[in-house]
Amino acid sequence: MSAGADRGGRAEAMVRVAVDRELCIGGGVCEMLEPEVFELDDDIVISSVVGDGLLPRDRADVVVDRCPGQAISIVEGEF
């Protein structure tokens with residue numbers, strides 16, 4: 001199954017995620033869950049988005065919900 005496709009083969013809605021660096025507490029949960037999209041800076045212990053920041057909506061929702069600092073959000077709008 002390719003990224004962005006659900007189990008029925010239908011395309012999932014992709015969303016862009018962002019990190020509010022003021023709220024990030026450096027827990028690393030985002031990087032653990034989605035290492036292709038998030039990177040925790042070892043020096044300042046703050047997460048950032050790498051690449052285009054796109055994830056299927058269901059996976060983005062999980063990362064947003066599990067962020068201990070509530071620093072991750074879904075960016076609405078066109079890409």
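1. Residues are called buried when their relative accessible area is under 20%, exposed when it is over 50%, and partly exposed in between. Because Arg-57 has a relative accessibility of 34%, this residue counts as partly exposed. The model discussed here is a predicted one, and Arg-57 is a useful place to begin, since the side chain of this residue meets that of Asp-61 in a salt bridge and that of Glu-76 in another.

2. As to the overall layout, the chain holds two helices and five strands, and when it is read along the sequence these elements follow the pattern β-α-β-β-β-α-β. The chain has 79 residues, of which 32% count as buried. Among the contacts in the chain with a separation of 6 or more, 56% are made by residues that stand 24 or more positions apart.

3. How many salt bridges does the count come to? The number is three. One of them pairs Arg-59 with Glu-34, with 2.7 Å between the closest N and O atoms. Arg-59 belongs to helix 2, whereas Glu-34 sits in the loop between helix 1 and strand 2 (38-40), so this pair ties together parts of the chain that are 25 residues apart in sequence.

4. The two partners of that bridge fall into separate accessibility classes: Arg-59, at 31% relative accessibility, counts as partly exposed, while Glu-34, at 7%, counts as buried. For Glu-34 the class follows from the cut-off, because buried means under 20% relative accessible area.

5. The surroundings of Glu-34 deserve a separate point. Its place is in the loop between helix 1 and strand 2, and its side chain makes a polar contact of 2.7 Å with the side chain of Arg-59. If residues up to four places away in sequence are left out, Glu-34 touches Leu-55, Arg-59 and Val-63.

6. A second salt bridge joins the side chains of Asp-61 and Arg-57, with an N to O distance of 3.2 Å. Both residues are in helix 2 and they are four residues apart, so about one helical turn separates them. Asp-61 has a relative accessibility of 30% and therefore counts as partly exposed, and Arg-57, at 34%, is also placed in the partly exposed class.

7. The remaining bridge to describe is that between the side chains of Glu-76 and Arg-57, where the N to O distance is 3.8 Å. This pair links distant parts of the chain, with Glu-76 in the segment after strand 5 (72-75) and Arg-57 in helix 2, 19 residues apart. Glu-76 counts as exposed, because its relative accessibility is 59%. Which residues are joined into one network by salt bridges that share partners? They are Arg-57, Asp-61 and Glu-76.

8. Turning to internal space, a search of the whole structure finds one cavity of 30 Å³ or more. The largest cavity holds about 90 Å³ of space. Its lining is made up of 14 residues, and those closest to its centre are Gly-27, Gly-28, Cys-30, Cys-67 and Pro-68. Two elements, helix 1 (29-33) and helix 2 (57-66), give two or more residues each to this lining. By residue class, the lining divides into nine nonpolar residues, four polar ones and one that is charged.

9. Two residues call for a look at the backbone. Most residues other than glycine have a negative phi. Against that background, Val-45 has a phi near 55 degrees, which is a positive value in a residue other than glycine. Val-45 is found in the loop between strand 2 and strand 3 (47-49), and with a relative accessible area of 37% this residue is partly exposed.

10. Where does Gln-70 lie? Its place is in the loop between helix 2 and strand 5. Gln-70 is not a glycine either, yet its phi is positive, at about 50 degrees. With a relative accessible area of 65%, Gln-70 is exposed, whereas Val-45, at 37%, is partly exposed.

Methods:
Residues are numbered from 1 along each chain as its sequence is written. This is a predicted model: local features need pLDDT of at least 70, side-chain atom pairs count only at pLDDT 80 or more; totals for chains, interfaces and linings use all residues. Side-chain values use heavy atoms; hydrogens and water are left out. On a 1 Å grid over the protein atoms alone, a cavity is a set of points where a 1.4 Å probe fits but cannot get out, and a pocket is an open set with protein on both sides within 12 Å along at least five of seven lines; lining residues have an atom within 4 Å of a point. Grid points are joined across faces, edges and corners, and a volume is the space filled by probe spheres set on the points. Ala, Val, Leu, Ile, Met, Phe, Trp, Tyr, Cys and Pro count as nonpolar, Asp, Glu, Lys and Arg as charged, and the others, Gly among them, as polar. A salt bridge is a side-chain nitrogen of Lys or Arg within 4 Å of a carboxyl oxygen of Asp or Glu. Buried means under 20% relative accessible area, exposed over 50%, partly exposed in between (1.4 Å probe, protein chains only). A polar contact is a pair of N or O atoms within 3.5 Å; within protein, one must be able to donate a hydrogen and the other to accept it, and residues adjacent in sequence count only if both atoms are side-chain atoms. Contact means heavy atoms within 4.5 Å.
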